[in-house]
Amino acid sequence: MNVQHLKYAMEVERVGSVTDAAENLYISQPSLSKAIRELESNLGFSVFERTARGMIPTPKGRLLLNHAYAIVKQLSEIEALAANDEMEQQTLSLSVPVSGYIAQAIVRFTASLDPQKPVNLRVREAGAMQTIDAVSDGSFRLGILRYPMGEEARFLGVLKKRDIRSEAIWEFEQVVLMSSGNPLAALSRVTPADLETCMEFVCPDASDLRNSDAPQPRNSRGKATLFCGRAMQMEQLSAIPSAFLWADPQPAAVLSRYHLVQRPGEQQDRRMCDRLIYPSDYRFSPGERAFIDKLFEVKNEVAFDS
C-alpha cells in the first residue's frame with residue numbers, strides 16, 4: 001500500500017473536498033482523484049462517498065483513516081529519529097559532474113562541519129545518466145545533472161519517467177579553459193579557427209546520454225585526449241600550454257591555483273544547464289540544505305566574476 005495515498009486520503013477527509021485537498025497538496029485535481037481511486041482499488045472498497053456536504057468517509061473508510069493517522073504518526077516519529085541521526089552524523093551523498101564551482105561548494109561545506117561529530121560524506125564524479133541511475137536506485141541520495149540546453153526536453157522526460165524531481169541551479173555558456181602560457185590566453189575571445197592550433201582535452205559529462213559510439217572532438221591535426229578526473233584535467237592544462245578544455249566557468253581560486261585562464265568561445269551549442277535532482281518524495285536534511293546554500297553561494301560568485 002502506498003503511504004502517500006493514505007496521506008492524500010487524510011487531507012481529503014480533513015477538508016471534505018478533492019479540489020481543496022489537491023490545492024493544499026500542490027498537485028492537480030485529476031492526479032489526486034486518480035490516487036484515491038487507486039487506493040480504493042487496492043483496498044477493494046470505497047473510502048469516500050460524495051454528498052451535499054462534500055467528500056465523507058464510508059464506514060470502512062473511517063476505520064481505514066483511523067489506522068492511517070496512527071501509521072503516519074509513527075512514520076513521522078521514525079523520520080524524526082533519522083533526521084536527528086543525520087544532524088549528528090553530518091551526511092552528504094552526492095553524484096556530480098566534473099565541475100570547479102561544485103567542487104568548491106563541497107570544499108566549503110566540508111570545512112563548515114564540526115570535526116567533533118561523525119561525518120559521512122560520499123561524493124563521486126559521474127556522467128548524466130550515471131547520476132540519474134544513482135538517484136533512481138537510491139545508491140546516491142542527491143545528484144547534480146548537467147546537460148546541453150538543446151537536450152533539455154530529453155533529459156526532463158527521463159526524470160519524469162523515473163519520478164525524479166529537479167531544480168535548476170545554473171544555465172551557463174561553456175568557456176575555453178587553458179594555461180596562462182597558452183598563446184590564445186592573450187585573446188579576449190576565442191574562435192574555432194584559433195582552437196585548430198591546440199590540443200583539446202575532452203571530459204564526458206552529459207555526453208553519456210548521446211550516442212556512445214560518436215567520435216570524440218578532434219582538431220585538424222587529429223589530436224584529442226580524454227581525462228575524467230578534475231585534478232588531472234587542471235594539472236595537464238597547467239603543464240601543457242598548447243592544450244585547452246571546454247568547461248563551466250571556474251572559481252577564481254581554481255584559476256589562480258593552476259595558473260589557468262578562461263575565455264569565451266564562439267563555438268555553437270555550448271550552453272549548458274546544471275540541475276539538482278532527488279526522488280519526488282525526498283526531504284532534505286539540515287546538512288543537505290547547508291550544502292545547497294554553499295552551492296548557490298559559490299555559483300553566484302562565479303557567475304558574477306564571469
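**A conversation about a predicted model**

Visitor: Which side chain does a polar contact join to that of Thr131?

Guide: The side chain of Thr131 is joined to that of Ser95 by a polar contact of 2.8 Å. Please bear in mind that this is a predicted model.

Visitor: And where is Thr131 found?

Guide: Thr131 belongs to helix α6, which covers residues 128–137.

Visitor: Is Thr131 buried or exposed?

Guide: Thr131 is buried, because its relative accessible area is 0% and the cut-off for a buried residue is under 20%.

Visitor: What does Thr131 touch, leaving out residues up to four places away in sequence?

Guide: Thr131 touches Ser95, Val96, Arg124, Ala126, Gly143, Ile144 and Ile277. Ser95 is thus on this list and is also the partner in the polar contact.

Visitor: Let us step back. How many helices and strands are there?

Guide: The chain has 11 helices and 12 strands.

Visitor: What share of the residues is buried?

Guide: Of the 306 residues in the chain, 43% are buried. The accessible surface of the chain is about 16,300 Å², and carbon and sulfur atoms account for 51% of that surface.

Visitor: What about contacts between residues far along the sequence, say 24 or more positions apart?

Guide: Among contacts with a separation of 6 or more, 74% are between residues 24 or more positions apart. One pair of residues illustrates a long separation in sequence: Ala290 and Phe109 are 181 residues apart, while their C-alpha atoms are 7.3 Å apart in space. Ala290 lies in helix α11 and is partly exposed, with a relative accessible area of 30%.

Visitor: Now the interior. Which residues touch the most other members of the largest nonpolar core?

Guide: They are Leu94, Tyr101, Ile144, Phe291 and Leu295, in a core of 24 residues. At least two residues of this core come from each of β3 (91–96), α5 (100–111), β5 (142–148), β6 (164–173), β12 (271–279) and α11 (286–305).

Visitor: What does Leu295 touch?

Guide: Setting aside residues up to four places away in sequence, Leu295 touches Tyr101, Ile102, Ala105, Ile144 and Ile169. There is also a second, separate core of 19 residues, with Met10, Val18, Met55 and Leu64 among them.

Visitor: Tyr101 came up twice. Which polar contact does the side chain of Tyr101 make with Asp274, and at what distance?

Guide: The side chains of Asp274 and Tyr101 are joined by a polar contact of 2.7 Å. Asp274 lies in strand β12 and is buried, with a relative accessible area of 0%. Beyond its neighbours within four places in sequence, Asp274 is in contact with residues including Tyr101, Ile102, Ile144, Arg146, Glu167 and Trp170.

Visitor: On to strands. In which sense do β1 and β2 pair?

Guide: Strand β1 (residues 48–51) and strand β2 (residues 54–57) pair in the antiparallel sense, over 4 bridges. A hairpin of 2 residues joins β1 to β2, and Phe48 stands opposite Pro57 in β2.

Visitor: How many residues of strand β10 are buried?

Guide: In strand β10 (residues 243–247), 5 of the 5 residues are buried, so the strand is largely enclosed by the rest of the structure.

Visitor: Which residues point which way from β10?

Guide: Ala243, Leu245 and Ala247 point one way, Phe244 and Trp246 point the other way, and all are buried. In a regular strand, side chains alternate between the two faces of the sheet.

Visitor: Which strands pair with β10?

Guide: Strand β7 (residues 175–179) pairs with β10 in the antiparallel sense over 4 bridges, and strand β8 (residues 199–202) pairs with β10 in the parallel sense over 3 bridges. As to bridge partners in β10, Val175 has Ala247 and Glu200 has Phe244.

Visitor: A different topic: what is the phi of His259?

Guide: His259 has a positive phi of about 55°, although His259 is not a glycine. Most residues other than glycine have a negative phi. His259 is in the loop between α10 (252–258) and β11 (260–264), and counts as exposed because its relative accessibility is 53%. Asp163 likewise has a positive phi, of about 60°, without being a glycine; Asp163 is in the loop between α7 (152–161) and β6.

Visitor: Last one: how many disulfides does the structure hold?

Guide: The structure holds 0 disulfides. Cys198 is buried, at a relative accessible area of 3%, and Cys273 is buried too, at 0%.

Definitions and conventions:
Residues are numbered from 1 along each chain as its sequence is written. This is a predicted model: local features need pLDDT of at least 70, side-chain atom pairs count only at pLDDT 80 or more; totals for chains, interfaces and linings use all residues. Side-chain values use heavy atoms; hydrogens and water are left out. A disulfide is a pair of cysteine sulfur atoms within 2.5 Å. Buried means under 20% relative accessible area, exposed over 50%, partly exposed in between (1.4 Å probe, protein chains only). Contact means heavy atoms within 4.5 Å. Accessible areas come from the Shrake-Rupley method with a 1.4 Å probe; for residues, only the protein chains shown count as cover. A nonpolar core is a set of buried Ala, Val, Leu, Ile, Met, Phe, Trp, Tyr and Cys residues joined through side-chain atoms within 4.5 Å. A polar contact is a pair of N or O atoms within 3.5 Å; within protein, one must be able to donate a hydrogen and the other to accept it, and residues adjacent in sequence count only if both atoms are side-chain atoms. Two strands pair if DSSP finds at least two bridges between them.
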